[in-house]
Amino acid sequence: MTSAPTTTIVRRVRPTDAARMRALRLEMLADSPLAFLETVAEAAARPHAEFAARIAGVSRGDHTAQFVADPGGRLVGHAGGTAAPDEPGLTLVYAVYVTPARRGSGLLAALVDEVSAWSRACGRPELMMEVVVGNDRAYRAYQKLGFVDTGVRVPHPRIPRLYELQMRRPA
């Protein structure tokens, strides 16, 4: 007996997603510790009420938003966007993640497309993201989505010996 393919919906997070988002966040941090700005231990120690409040905050508005890939059970992908503080027309893309079993399935493009559509609707026509120098898999994936390396390198915010490269594209 074969099962039908699961339909995965990519959408903005909802306050009711808090527990599933927490589980995905812990997975993200365990799988790709250099890519995110907190550790598994820091995220796990945060009280659920604080986490739920954070998810509720990004479920609405035009300053910060998070989007998820939802097949109806455990969330399998995430991408966020936030208004750049010093560049009015720019959205910073952050916390992009697709669970390993779903990589290469098109979810990355769908998640970035949702951030892009939200950014345009908010009047920000450009996206920017930072990728750890040496993370060639992510770099190539973002190139395929139209991001271009700007040549700008910035220190990693948590690990001084590492650098991140900035990539941009139209929203």
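Me: Let's count Ala, Val, Leu, Ile, Met, Phe, Trp, Tyr, Cys and Pro as nonpolar, Asp, Glu, Lys and Arg as charged, and the others, Gly among them, as polar. How many residues of each class are in the lining of the largest pocket?

Reply: This is a predicted model, with local features needing pLDDT of at least 70 and side-chain atom pairs 80 or more, while totals for chains, interfaces and linings use all residues. Numbering runs from 1 along each chain as its sequence is written, and side-chain values use heavy atoms, without hydrogens or water. A pocket is an open set of points on a 1 Å grid over the protein atoms alone where a 1.4 Å probe fits, with protein on both sides within 12 Å along at least five of seven lines, and lining residues have an atom within 4 Å of a point. By class, the lining has nine polar, 11 charged and 28 nonpolar residues.

Me: Which lining residues are the closest to the centre of that pocket?

Reply: The lining of the largest pocket holds 48 residues. Those closest to the centre are Phe36, Tyr94, Ala95, Val96 and Tyr142.

Me: Which element gives the largest share of that lining?

Reply: Elements here are DSSP runs numbered from the N terminus: helices (H or I, at least four residues) and strands (E, at least two). Those giving two or more residues to the lining include α1, α3, β3 (77-83), β4 (90-98) and α5 (136-144). The largest share, seven residues, comes from β4.

Me: How many residues of β4 are buried?

Reply: Buried means under 20% relative accessible area with a 1.4 Å probe, protein chains only. β4 is largely enclosed by the rest of the structure, because the buried residues there number seven of nine.

Me: What is the bridge partner of Thr82 in β4?

Reply: Strands pair if DSSP finds at least two bridges between them. β3 and β4 run antiparallel, joined by six bridges, and a hairpin of six residues connects them. Within that pairing, the partner of Thr82 is Leu92.

Me: And which residue of β5 stands opposite Thr91?

Reply: β4 pairs with β5 in the parallel sense, over three bridges. Opposite Thr91 stands Leu127.

Me: Which strands stand at the edges of the sheet?

Reply: The sheet is open, with seven strands in the order β1-β2-β3-β4-β5-β7-β6 and mixed pairing. Each edge strand has a single partner, so one side of each is left without a neighbour in the sheet. At one edge, β1 pairs with β2 in the antiparallel sense over four bridges. The edge strands are β1 and β6.

Me: Which residues of helix α3 are buried?

Reply: α3 covers residues 48-58, and it also gives two or more residues to the pocket lining. Its buried residues are Phe51, Ile55, Ala56 and Val58.

How values were computed:
Buried means under 20% relative accessible area, exposed over 50%, partly exposed in between (1.4 Å probe, protein chains only).
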